[in-house]
Amino acid sequence: MPVLDPATTALLTVECQNGVVGEESALPELAKEARDSGMLGRVAALVDAARGAGVQVLHAVAERRPDGLGANTNARLFRAAGRLSVRQLTGSRAVEVAAPIVVAGQDLVVRRLHGLSPMAGTDLDPLLRNLGIRTLVVTGVSSNIAIPNTVFDAVNLGYQVVVPADAIAGVPASCTAEVIRNSLALVASITTAEDLLEQWAPSTDPRNLGGCCPK
């Protein structure tokens with residue numbers, strides 16, 4: 001993976017919201033995988049490290065109006081979502097970013113009422129362009145649908161895309177590896193959360209360590 005320039009790189013979390021990956025998720029199997037695999041914790045660590053390195057953080061949230069106005073109904077997935085006991089309603093706890101991820105004041109939150117991708121029909125692309133972003137690091141859920149859509153849309157719009165393989169999740173767990181191997185690796189740079197954390201770690205100048213350094 002190439003060295004990422006913080007000035008032109010952004011980190012995006014996709015649907016890391018209470019109603020999707022939280023303890024009261026509408027999709028408990030996906031939420032369990034996100035937690036048990038460590039994915040959610042790694043995303044939180046990446047968010048903190050990105051801020052420290054000067055990388056812009058954005059959170060993409062999927063929601064819908066209580067009356068469903070403007071929401072898709074042209075696929076089985078959308079129709080099923082409307083019948084779930086936990087709905088991603090605007091202004092509800094379900095559409096808040098889930099712990100342990102922390103939203104800071106300088107983060108941008110992009111919300112969508114329709115579609116499968118936070119890049120389609122939202123402010124995300126113009127926001128990134130206004131920020132001078134050329135490289136997008138994509139994290140979150142799910143590797144089944146939203147993550148591939150986000151990556152493909154970003155690539156089609158001319159962005160370089162980086163995907164930390166252990167900072168995305170889907171169900172079944174085996175789906176994530178297959179999607180990465182057979183699809184995402186063809187269009188994005190695949191890395192790990194650890195590699196990004198090392199790249200974004202604060203550099204330490206030995207001259208500032210005083211007498212602690214061995215001679």
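# Exercises on a predicted model

Thr176 is a residue of helix 7, which spans residues 173-182. The structure is a predicted model, and the exercises below work through its packing and its charged pairs.

## Exercise 1. Thr176

Task: decide whether Thr176 is buried or exposed, and list what Thr176 touches beyond its sequence neighbours.

Solution.
- Step 1. The relative accessible area of Thr176 is 9%. Buried means under 20%, so Thr176 is buried.
- Step 2. With residues up to four places away in sequence left out, Thr176 touches Ser143, Ala165, Ile168, Ala169 and Gly170.

## Exercise 2. The faces of helix 2

Task: sort residues of helix 2 into buried and exposed, and state how the buried ones are arranged around the axis.

Solution.
- Step 1. Helix 2 covers residues 28-36, and its buried residues are Leu30, Ala31 and Ala34.
- Step 2. Viewed down the axis of helix 2, these buried residues fall within an arc of 100 degrees, so they line one face of the helix.
- Step 3. Pro28, Glu29 and Asp36 are exposed on the other side of helix 2.
- Step 4. The packing partners of the buried residues are helix 1 (18-21), helix 3 (39-53), strand 4 (135-141) and strand 6 (168-169).
- Step 5. After helix 2 comes Gly38, with a positive phi near 85 degrees.

## Exercise 3. Ala34

Task: describe the surroundings of Ala34 in helix 2.

Solution.
- Step 1. Ala34 has a relative accessible area of 0% and is therefore buried.
- Step 2. Apart from neighbours within four places in sequence, Ala34 is in contact with Val21, Met39, Leu40 and Ala169.
- Step 3. Ala34 and Ala173 are 139 residues apart along the chain, yet their C-alpha atoms are separated by 9.4 Å.

## Exercise 4. The nonpolar cores

Task: find which elements supply the largest nonpolar core, and which of them gives the most.

Solution.
- Step 1. The largest nonpolar core has 30 residues, and those with the most contacts inside it are Leu11, Val21, Ile101 and Trp200.
- Step 2. At least two residues of this core come from each of helix 1, helix 2, helix 3, strand 2 (56-62), strand 4 and helix 8 (193-200).
- Step 3. Helix 3 gives the most to this core, with eight residues.
- Step 4. Another core, of 25 residues, lies apart from this one; Leu58, Ala60, Leu124 and Ile147 are among its members.
- Step 5. Leu11 can be followed through its contacts: not counting residues up to four places away in sequence, Leu11 touches Leu46, Val47, Ala50, Val55, Gln56, Val57, Leu58, Val137 and Thr139.

## Exercise 5. Salt bridges

Task: state how many salt bridges the structure holds, and place the pairs formed by Arg51, Asp125 and Arg181.

Solution.
- Step 1. Side chains of opposite charge can pair when their charged atoms come close. The structure holds nine salt bridges.
- Step 2. Arg51 pairs with Asp107, and the closest N and O atoms are 2.7 Å apart. Arg51 is in helix 3 and Asp107 is in the loop between helix 4 (76-81) and strand 3, so the pair ties together parts that are 56 residues apart in sequence.
- Step 3. Both partners count as buried: Arg51 at 18% relative accessibility and Asp107 at 8%.
- Step 4. Asp125 forms a salt bridge with Arg129, with closest N and O atoms 2.9 Å apart. The two are four residues apart in helix 5, so about one helical turn separates them. Asp125 counts as buried at 14% relative accessibility, whereas Arg129 is partly exposed at 40%.
- Step 5. Arg181 forms a salt bridge with Glu178, the closest N and O atoms being 2.8 Å apart. Both residues lie in helix 7, three residues apart, or about one turn of the helix. Glu178 counts as partly exposed, at 39% relative accessibility.
- Step 6. Asp48, Arg51 and Asp107 are joined into one network by salt bridges that share partners.

## Exercise 6. A nonpolar surface patch

Task: name the residues that make the nonpolar surface patch of about 210 Å², and locate Leu116.

Solution.
- Step 1. The patch is made by Leu77, Leu116 and Ile145.
- Step 2. Leu116 sits in the loop between strand 3 (108-112) and helix 5 (124-130).
- Step 3. Leu116 counts as partly exposed because its relative accessibility is 31%.

How values were computed: Residues numbered from 1 in each chain as written. Predicted model: local features only at pLDDT ≥ 70, side-chain atom pairs only at ≥ 80, totals over all residues. Heavy atoms only, no water. Patch = residues over 30% accessible without salt bridge, like charges linked within 9 Å, V, L, I, M, F, W, Y side chains within 5 Å. Areas by Shrake-Rupley, 256 points an atom, 1.4 Å probe, with all protein chains shown as cover. Salt bridge = Lys/Arg side-chain N within 4 Å of Asp/Glu carboxyl O. Buried < 20%, exposed > 50% of the residue type's maximum accessible area, 1.4 Å probe, protein only. Arc of directions from axis to C-beta. Contact = heavy atoms within 4.5 Å. Core = buried A, V, L, I, M, F, W, Y, C linked by side-chain atoms within 4.5 Å.
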